[in-house]
Amino acid sequence: MSAADLEKKLVELKKDLFMLRMQHATNHLDNPVKISAVRRDIARVKTVIREKELEQ
């Protein structure tokens, strides 16, 4: 993925995390494990972005 694609993915994941947290706060979240899964995905994307920065 290109850097722009990774940035878009990061923004999308952050929005998803926000929505999951809101659902959790209002007790509408079916599976609370999704929150930690999205947080891990965010960390993975940030890691790849950082690796690409260090390569340059």
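I began with the buried residues of helix α1, which are Leu6, Leu10, Leu13, Leu17 and Leu20 (buried means under 20% relative accessible area, with a 1.4 Å probe and protein chains only; helices are DSSP runs of H or I of at least four residues, numbered from the N terminus). The model is predicted, with local features needing pLDDT of at least 70 and side-chain atom pairs counting only at pLDDT 80 or more, whereas totals for chains, interfaces and linings use all residues. Residues are numbered from 1 along each chain as its sequence is written, and side-chain values use heavy atoms, with hydrogens and water left out.

I then looked up what covers these residues of α1, and the cover includes α2 (contact here means heavy atoms within 4.5 Å). From the other side, I noted Ile35, Val38, Ile42, Val45 and Ile49 as the buried residues of α2, and these pack against α1.

Next I checked the helix lengths, where the expected span is 1.5 Å times one less than the number of residues. For the 23 residues of α1 the expected span is 33 Å, and the end C-alpha atoms are 33 Å apart, which agrees. For the 23 residues of α2 the expected span is again given as 33 Å, and its end C-alpha atoms are 34 Å apart, which agrees.

For the packing geometry, I found α1 (residues 3-25) and α2 (residues 33-55) at an angle of about 160 degrees, with their axes 9 Å apart (axes are lines fitted to C-alpha atoms, for helices over the stretch in contact, and angles run from 0 to 180 degrees between N-to-C directions). That makes α1 roughly antiparallel to α2, a term that applies to angles over 145 degrees. The crossing of the two helices is left-handed, meaning that the near helix is turned anticlockwise from the far one by less than a right angle. The residues of this contact divide into 11 nonpolar, one polar and nine charged (Ala, Val, Leu, Ile, Met, Phe, Trp, Tyr, Cys and Pro count as nonpolar, Asp, Glu, Lys and Arg as charged, and the others, Gly among them, as polar).

I also looked up lysine 9, which lies in α1 and is partly exposed, with a relative accessible area of 32% (partly exposed lies between under 20% and over 50%). Lysine 9 and lysine 46 are 37 residues apart in sequence and 10.0 Å apart in space, C-alpha to C-alpha.

My last entry concerns asparagine 27, in the loop between α1 and α2, which has a positive phi of about 60 degrees although it is not a glycine. Asparagine 27 is exposed (over 50%), with a relative accessible area of 69%.

How values were computed
Parallel < 35°, antiparallel > 145°, perpendicular 65-115°, else oblique.
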